[in-house]
Amino acid sequence: MESLGLRTVGSHCSLSEMDDLDLTRALDKPRLKIERKRSFDERSMSELSTGYGMHDSPRGRSVLDTPLSCARNSFEPHPMMAEAWEALRRSMVFFRGHPVGTLAAVDNTTDEVLNYDQVFVRDFVPSALAFLMNGESDIVKHFLLKTLQLQGSEKRVDRFKLGEGVMPASFKVRHDPNRGMDHLVADFGETAIGRVAPVDSGFWWIILLRAYTKSTGDLTLSETPECQKGMKLILSLCLAEGFDTFPTLLCADGCSMIDRRMGVYGYPIEIQALFYMALRCALSMLKPDGDGRETEEYSHTAVNKFNVMPDSIPDWVFDFMPLRGGYFVGNVGPAHMDFRWFALGNCVSILSSLATPDQSMAIMDLLEHRWDELVGEMPLKICYPCLEGHEWRIVTGCDPKNTRWSYHNGGSWPVLLWQLTAACIKTGRPQIARRAVDLIESRLHRDCWPEYYDGKLGRYVGKQARKYQTWSIAGYLVAKMLLEDPSHIGMISLEEDKLMKPVIKRSASWPQL
Ligand code: GLC
């Protein structure tokens, strides 16, 4: 970690002390919303806090039983929220009497279950956040502990042993009627369509451990030797010595939310942003232990570090780029730049402060300027644009599920609403999130909470979309609760740490060109 220029943390330095003051203060309850002035502009502040200055009793509250907000402020809970809570609770999975996660989907309209009857690590994140925001932390704690146990189990695919730190993509609870016992069966990617281990699972696990700790103030979980070891195993997988000369993570296609071949092999922004966020979260929780031009540029000062040629920029980029606004491209590697815009990577870049405040603003500006393309009728496009024709054939391998503007290939995923909303709140632009929430509220419930939508505008329920997809439901709840009480953002956001930002110098060869 030191080689990356990260600080070591003293054992006395707890999670709440380590993080930015703003977010720490935001989690102190009761408190006035006005304290968050650094992260919200004044207009949105007054909109957000109308009549709801103090957080009276956050624990154990649910929209179903105690709709605290409706009685005395402008946040009328939408009727969809009660239904969403019911559906979320129906998806809960129990292991020996304890809740340990939520199923990916509870779709009774089809017999074709595929692997949606499992608890996916990445899918559980919005469920966990919803439960934490509602003061229900037990399920999150049990989930963290169970997945940690699975990490510790021996992972073999044929005769090949997977790295010790790998976290499962998903798990299932099986009941053995003979022994009257439940046991867990994990999938480390070997049964997924891409047969690739999920790189994102470990990062989400660390991010969730921090969210749990921030939300509950319970340091005892993250400080257990088991959790400390789990974090270190994940990090040592990713910070291991290798052949890379950049502190980024080389990934196989299909190793994250996009778990089929979609041309994201290399250094996808989704993984790099999650990696950065997980590193920063781990830093706050780990205790110390004893142990452009035609010219090609070489050397440390090169500006065009990957030797990407201007001719490789696709035409659509010129139309897509507004005068104001920007985004992190999908992938970068030797002579390769994937110019596609990916929602998750850009949102997590904002949340982790991988993006500077200016870059974060540019990402939000782009969203506003390219609303039709990126949001359309249903938030939010997973990536833009889609791959078509020849490109679809060679890049996806003619994937029948990833046809143009469908599923991972430019489809619209309601789950991404929570990340969009969190990014909006962090950048002080909640009005963008509200617009997106309005779109969701006009359809999602009526369409039975689909997994994804198809079409250039996201108008049609996805061809093979599951109904009652849990993360579509939980994502909506998280977005609503974030808008209602923006101080929740502290669970899933990190403020900029200026000490960590490297000074970027221009190439010495540049002026000579
Ligand atoms: C699909 C998605 C993946 C998700 C899983 C369960 O495979 O691509 O991201 O985790 O379904 O919902």
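The following exercises, each with a worked solution, concern a ligand site, a cavity and a sheet in a predicted model.

Local features in this predicted model need pLDDT of at least 70, side-chain atom pairs count only at pLDDT 80 or more, and totals for chains, interfaces and linings use all residues. Residues are numbered from 1 along each chain as its sequence is written, and side-chain values use heavy atoms, with hydrogens and water left out.

**Exercise 1. Determine which residues surround the ligand and which side chains place a polar atom by one of its oxygen atoms.**

Step 1. A residue is near the ligand if one of its heavy atoms lies within 4 Å of it. The residues around the ligand are Ala104, Tyr116, Phe120, Arg122, Asp123, Met257, Asp259, Tyr407, His408, Glu451, Gln469 and Trp471.

Step 2. Sort this shell by class: six residues are nonpolar, two polar and four charged. Here Ala, Val, Leu, Ile, Met, Phe, Trp, Tyr, Cys and Pro count as nonpolar, Asp, Glu, Lys and Arg as charged, and the others, Gly among them, as polar.

Step 3. Inspect the distances to ligand oxygen atoms. A polar side-chain atom of Arg122 lies 2.9 Å from one such atom; for Asp259 the distance is 2.7 Å, and for His408 it is 2.7 Å. Of the 310 Å² of accessible area that the ligand has on its own, the protein covers 97% (Shrake-Rupley method, 1.4 Å probe).

**Exercise 2. Describe the lining of the largest cavity.**

Step 1. On a 1 Å grid over the protein atoms alone, a cavity is a set of points where a 1.4 Å probe fits but cannot get out, and lining residues have an atom within 4 Å of a point. The space in the largest cavity is about 90 Å³, taken as that filled by probe spheres set on the points, which are joined across faces, edges and corners.

Step 2. Its lining comprises 13 residues, with Arg122, Trp204, Leu344, Gln419 and Trp471 nearest the centre. Two or more lining residues come from each of α6 (121-133), α8 and α17 (416-426).

Step 3. By class, nine lining residues are nonpolar, one is polar and three are charged.

**Exercise 3. Establish the strand order of the open three-stranded sheet and explain why one side of β3 is left without a neighbour.**

Step 1. Strands are DSSP runs (E, at least two residues), and two strands pair if DSSP finds at least two bridges between them. The order is β3-β6-β7, with antiparallel pairing.

Step 2. β3 (119-120) and β7 (181-187) stand at the edges with a single partner strand each, so one side of each has no neighbour in the sheet.

Step 3. Two bridges join β3 to β6 (residues 170-176); Val119 has Phe171 as its bridge partner in β6.

Notes. A polar contact is a pair of N or O atoms within 3.5 Å; within protein, one must be able to donate a hydrogen and the other to accept it, and residues adjacent in sequence count only if both atoms are side-chain atoms. Helices (H or I, at least four residues) and strands (E, at least two) are DSSP runs, numbered from the N terminus. On a 1 Å grid over the protein atoms alone, a cavity is a set of points where a 1.4 Å probe fits but cannot get out, and a pocket is an open set with protein on both sides within 12 Å along at least five of seven lines; lining residues have an atom within 4 Å of a point.
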